Amino acid sequence: MMAALLCLSQSGMGAQRVKTGIEVLRESGFKMLQGKRVGLITNPTGVDSQLKSTVDILNEAAGVKLVALYGPEHGVRGDVYAGDHVDSIVDKTGVPVYSLYGKSKKPTPDMLRDVDVIVYDIQDIGCRSYTFISTMGLAMQAAAENDKEFVVLDRPNPLGGVKIEGNLAEDKFISFVSQFKIPYLYGLTCGELAKLLNNENMLGKKCKLTVVPMKGWKRKMTYAQTGLPWVLTSPHVPYAESAAYYAASGILGEFDFMSIGVGYTLPFQLFAKDSIDANVLAEKMNALKLPGVLFRPINLKPFYSVGRGLNYSGVQYFITDYKVARLTEIQFCVMQEMAKLYPEKKCFGPSTKSRYDMFDKVCGSDQIRLRFAQNMNVDDILPYWRKDEDAFRKLSKKYYLYK
């Protein structure tokens, strides 16, 4: 079990096997940016292997003029809490910072007036509901509308380049947490995704896109195998393996129905609630024999968020075989078993109704909720949840940059 977790984990920096886009760009002498005014979309994850910020790298690069910074959720320097608006400020380098997580989530013409090329360098976690890819896509739209070049400095997908899970987001449910018609887990790097969005008419108008590929990355790589340091992508994604747990519990987490470990020491790694029998829930979950996952009973008292200060019990789960685990479906199975054991505590009801809209947006459809709510049976939703995966896998292969 521990070996399976460590294969996902960064577990300390080893020998570097992968060079990210910023390092490849630097090796070229920043050739494609020479003489151009650059606007950079980044955050604390935009670093080289020695943890030097892309902000500072481009600000110091000879022949490159960094004239603007754009802050996504959490801000350029990571000093804004999840969900809080990012203000437009001046960075410590003296470069103005424009907010892309406030009144506008898309660069305005005023923000781009003095820019020739927009550069994007952010570590993502491979999940549609994570807002950084939404920021990237909207910025690509702005680049197309304002005749600006767009450059993506590529980085690894910590979920790898193989896992694809979930239905495509549908028109009615397009939002900042499901901005594009892609599966919940899309199995692409941000550079590959940018190519797909641009060439499959998901932006309305194509932008002048260049992707600076990594060197040395393979689709089946774990993040640990890259030798790169992991900088937390948000406060509750502190480790590379956190990305897999986010995928397995984040949808359920849209409700205050149960704690998923946010507010405790195991963010996204457990399912717990008051007044339930942890041993029984663990037995029921293990009896399902879900591929690549095991459960154990756990008792906790969350420090904040759902269940703050209360005695909670439930299950901690362990991804024991990442290759075969259907990550996103773990949380649906928990919802099913909770409804069987505690009908009065099931996830769909008066206490959660105010969150239905966000649940549907994250799922990319209301069909998951509507079909599930009838009998609380996972089998009722799996055909719909899985229906687009094979077609998307075939489509996305056209945009692979790595084997």
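This is a walk through the structure, one selection at a time.

**Start with the confidence colouring**

What you have open is a predicted model, so colour it by pLDDT before anything else. The protein averages 94, and 95% of the residues score at least 70. Now select residues 1–12: pLDDT stays under 50 there, and the model has 27 contacts beyond four places in sequence for this stretch. Helix 1 (residues 2–8) has the lowest mean pLDDT among the elements, at 43. Where pLDDT is low, the predicted coordinates should not be read in detail. For the other end of the scale, pick strand 6 (residues 149–153), which has the highest mean, 99.

**Strand 1 and its partner**

Next, select residues 37–42. This is strand 1, and it is mostly covered, with 5 of its 6 residues buried. Add strand 2 (65–71) to the selection. The two strands run parallel and are joined by 5 bridges. To see one pairing up close, show Gly39, whose bridge partner in strand 2 is Ala68.

**An open sheet with two helices on it**

Move on to strands 8, 9 and 10. These 3 strands form an open sheet in the order 8-10-9, with antiparallel pairing. Which strands sit at the edges? Select 270–273 for strand 8 and 293–300 for strand 9: each of them pairs on one side only. From one strand to the next, the twist averages 20 degrees.

Now bring in strand 10, residues 312–319, which runs antiparallel to strand 8 and is joined to that strand by 4 bridges. Show Phe271 and you'll find Val315 of strand 10 standing opposite.

Then add the helices. Helix 8 (residues 278–287) packs on the sheet, where it touches strand 9 and strand 10. Its direction makes about 170 degrees with that of strand 9. Helix 9 (residues 327–341) packs on the sheet too, touching strand 8, strand 9 and strand 10. Check helix 9 against strand 8: their directions make about 20 degrees.

**Salt bridges**

Time to show charged side chains. Side chains of opposite charge can pair when their charged atoms come close. How many salt bridges does the structure hold? There are 24, and here are some to visit.

- Lys19 and Glu27: their side chains meet at 2.4 Å, N to O. Lys19 counts as partly exposed because its relative accessibility is 33%, and Glu27 falls in that class at 43%.
- Asp91 and Arg77: the closest N and O atoms are 2.9 Å apart. This pair links distant parts of the chain, 14 residues apart. Asp91 lies in the loop between strand 3 (89–90) and strand 4 (96–99), while Arg77 lies in the loop between strand 2 and strand 3. Is Asp91 buried or exposed? At 7% relative accessibility, Asp91 is buried, whereas Arg77 is partly exposed at 30%.
- Glu145 and Lys106: this salt bridge has an N to O distance of 3.0 Å. Glu145 is in helix 5 (residues 132–145) and Lys106 in the loop between strand 4 and helix 4 (109–112), which puts them 39 residues apart. Glu145 is partly exposed, with a relative accessible area of 49%, and Lys106 is partly exposed at 24%.

For a group rather than a pair, select Arg326, Glu329, Arg386 and Glu389, which are linked in a network of salt bridges.

**Two cysteines without a bond**

The structure holds 0 disulfides. Show Cys190: the nearest cysteine sulfur belongs to Cys207. Why is there no bond between Cys207 and Cys190? Their sulfurs are 13 Å apart, so they are too far away for one. Cys190 is buried, with a relative accessible area of 6%, and Cys207 is buried at 8%.

**Last stop: Lys163**

Finish in the loop between strand 6 and helix 6 (190–199), where you'll find Lys163. Lys163 counts as buried because its relative accessibility is 12%, under the 20% cut-off. What does Lys163 touch, leaving out residues up to four places away in sequence? Show Leu185, Tyr186 and Gly187, then Tyr322, Lys323, Val324, Ala325 and Leu327. For a final distance, pick Gly71, which is 92 residues from Lys163 along the chain; their C-alpha atoms are separated by 29 Å.

How values were computed
Residues are numbered from 1 along each chain as its sequence is written. This is a predicted model: local features need pLDDT of at least 70, side-chain atom pairs count only at pLDDT 80 or more; totals for chains, interfaces and linings use all residues. Side-chain values use heavy atoms; hydrogens and water are left out. Two strands pair if DSSP finds at least two bridges between them. Axes are lines fitted to C-alpha atoms, for helices over the stretch in contact, and angles run from 0 to 180 degrees between N-to-C directions. Contact means heavy atoms within 4.5 Å. A salt bridge is a side-chain nitrogen of Lys or Arg within 4 Å of a carboxyl oxygen of Asp or Glu. Buried means under 20% relative accessible area, exposed over 50%, partly exposed in between (1.4 Å probe, protein chains only). A disulfide is a pair of cysteine sulfur atoms within 2.5 Å. pLDDT is the predictor's confidence in each residue, from 0 to 100.
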